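Hi everyone, thanks for coming. Please have a look at the model on the screen, and I'll walk you through a few parts of it.

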Amino acid sequence: MAALRRAAHLSVFRPLKTHNTSRNLFTKAAPASRSPITTGLYATALILSTGLFAGYYFDARSALHRYVIMPVLRQTLDAESSHKIAVKVLRSGLGPKDPVTDDENLTVNLWGHQISNPIGLAAGFDKDGEAIDGLFDLGFSWVEIGSITPKPQPGNPKPRVFRLSEDNAIINRYGFPSQGHATVLSRIRARLPTFFAGEQETASLRDGSLLAVNLGKNKESPADSVEDFVAGVRTFGPYSDVLVVNVSSPNTPGLRGLQNKTSLETLLTSVTQARDHLPPSSLNSQRPRLVLKIAPDLDQSQIEDIADVIMGTGIDGVIVSNTTIQRPSHLKSASRTEIGGLSGSPIKHYTLTALKTLRANLPAHIPIIGCGGISNGEDALEYARAGATMVQVYTSFGYDGVGTCRRIKDQIVEKLQKEGTTWAKIVEKSVDEFSLKDELPKVKPGEGMVNQLIEEAEHLNKLLDKLGSKMDSVNDRTIAAASQPML
């Protein structure tokens, strides 16, 4: 009886086992067991797909960037936010890279350097030198950071960047937002190796490439002061291959006034003297080149005046051009009325016009870098045929993404191969044809040689006079010593 009572008690309080338990919305089915083979296949598929995506992402040539990532950014973020994200990604070291070696037909001869290709990135993208190496990794041979002002400043109020997608253009009124000299200089120093294997050829630390620093002016500085630019030369000169004097932004009050002849002469003389007094740098083999960046809105007489000043002050080159304040009548975007500088395809006509005028007023040894509306290989070649040694992109990079540089280079190579020529040959031909010809003074046959002999004779006569004076001084001292009584 006791055994029966215990069995009855257990049957009341112990739940009955069933194999047909019903499930409802709040119950969870036990996971089906998988064989090791199935699990291994899933893991392998995951690893392969991740690897394929990574390979696709890190290759700058991938269509993923131009046709997926960039459109998504344009649809979800405003222009300035997209810009900042792009800089941060490239700064992180996790950005895509151009895996292809540049074709030898793209080589550029510039200031004694052999540059691997003619495509540079204009100032305005990496304003504070955050992503220098990430940008070089995309295949640019010239990376220009800035504009950088001596003191930090926030720039103009937001919103200050506007896409004109229908026109493949941008209007910006950034107004030189900058973290200042000290912060940017610390970044440039931080990328330098601890020990140098030897003297570097360029401050870019890469073969066939140049690092440029675009110098800006603080908004509160006096309009006619040159001190901000001189300070920039002294600060960044030892750490750069090129210093760009930016007097052409339309978004800093009074800045473009420095393009008038008198003011420009004072400015360029001052920065040239500051550059020439820089101490030798262990980073590169020579002092930085000085380049002037001008606006596309100058008329012919203004460009001629600028050319005169450039030749008289020893400036090494010119970038043509910055953004324009003009608004072509064919613009379609609703943002076309925004205040600021217009860049992109619509300004190519203005820039090429200014470039051709300047090329005709500068000798061949002063190179011009073309910048404005370049979005494909044919655009770049059009600049080369007009007398530009190199070109820079900006807006097309913002629209088409990280593969822009490689795509343009490939298009140029294809056209060069069809024509059986090289970039350097096209540039040499156009520069020789369109540049200002050196006008030598007319002399009679033999007169030049006679004048040279006369000058050399006069120089030799001066040296002999100096030597005679020194000998007289020595003789006087000898006689005076001899006349002293012997002790």
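Let me begin with a definition: axes here are lines fitted to C-alpha atoms, for helices over the stretch in contact, and angles run from 0 to 180 degrees between N-to-C directions. Helices (H or I, at least four residues) and strands (E, at least two) are DSSP runs, numbered from the N terminus. What you see is a predicted model, where local features need pLDDT of at least 70 and side-chain atom pairs count only at pLDDT 80 or more, while totals for chains, interfaces and linings use all residues. Residues are numbered from 1 along each chain as its sequence is written, and side-chain values use heavy atoms, with hydrogens and water left out.

With that in hand, here is our opening pair of helices. Helix H9 (residues 300-313) packs against helix H10 (residues 348-359) with axes 9 Å apart and an angle of about 45°. H9 and H10 are therefore oblique to each other; angles under 35 degrees count as roughly parallel, over 145 as roughly antiparallel, 65 to 115 as roughly perpendicular and the rest as oblique. The crossing of H9 past H10 is right-handed, a term for the near helix being turned clockwise from the far one by less than a right angle, with anticlockwise being left-handed. Which residues of H9 and H10 meet? On the H9 side they are Gln300, Ile303 and Ala307, and on the H10 side Ala354, Thr357 and Leu358; contact means heavy atoms within 4.5 Å. Sorted by class, this contact of H9 with H10 has 4 nonpolar, 2 polar and no charged residues. For the classes, Ala, Val, Leu, Ile, Met, Phe, Trp, Tyr, Cys and Pro count as nonpolar, Asp, Glu, Lys and Arg as charged, and the others, Gly among them, as polar.

Now let's step back to the whole chain. There are 15 helices and 13 strands. Of its 487 residues, 47% count as buried, meaning under 20% relative accessible area, with exposed being over 50% and partly exposed in between (1.4 Å probe, protein chains only). Of the contacts between residues at least 6 apart in sequence, 73% join residues at least 24 apart.

On to the strands. A closed barrel of 8 strands runs E3-E4-E7-E8-E9-E10-E12-E13, and the pairing is parallel; two strands pair if DSSP finds at least two bridges between them. On average, neighbouring strands of this sheet are turned by 25° against each other, ignoring direction. As one example from the barrel, strand E10 (residues 317-320) and E12 run parallel and are joined by 3 bridges. Val318 has Ile368 in E12 as its bridge partner.

Some other strands pair in the antiparallel sense. Strand E5 (residues 161-164) does so with E6 over 4 bridges, and Val161 is bridged to Asn172 in E6. E5 and E6 form a hairpin with 4 residues between them, and Asn168 in the turn has a positive phi of about 55°. Are the residues of strand E6 (residues 169-172) buried or exposed? All are buried, with Ala169 and Ile171 pointing one way and Ile170 and Asn172 the other. E6 also runs antiparallel to E11, through 4 bridges, and here Ile171 has Leu342 as its partner.

Leu342 brings us to Pro328, in the loop between E10 and strand E11 (341-344). Pro328 touches Leu342, Pro346 and Tyr350, leaving out residues up to four places away in sequence. Its relative accessible area is 9%, so Pro328 is buried.

Another loop residue is Ser375, between strand E12 (368-371) and helix H11 (377-385). Ser375 counts as buried because its relative accessibility is 15%. Not counting residues up to four places away in sequence, Ser375 touches Asn168, the residue of the hairpin turn, along with Ser345, Ser396, Arg407 and Ile408.

One last helix pair, and then I'm done. The axes of H11 and helix H14 (residues 423-434) come within 8 Å and cross at roughly 40°, which makes H11 oblique to H14. H11 brings Ala380, Leu381, Ala384 and Arg385 to the contact, and H14 brings Trp423, Ile426, Val427, Ser430 and Phe434. By class, that contact has 7 nonpolar, 1 polar and 1 charged residues.

Thanks for listening!
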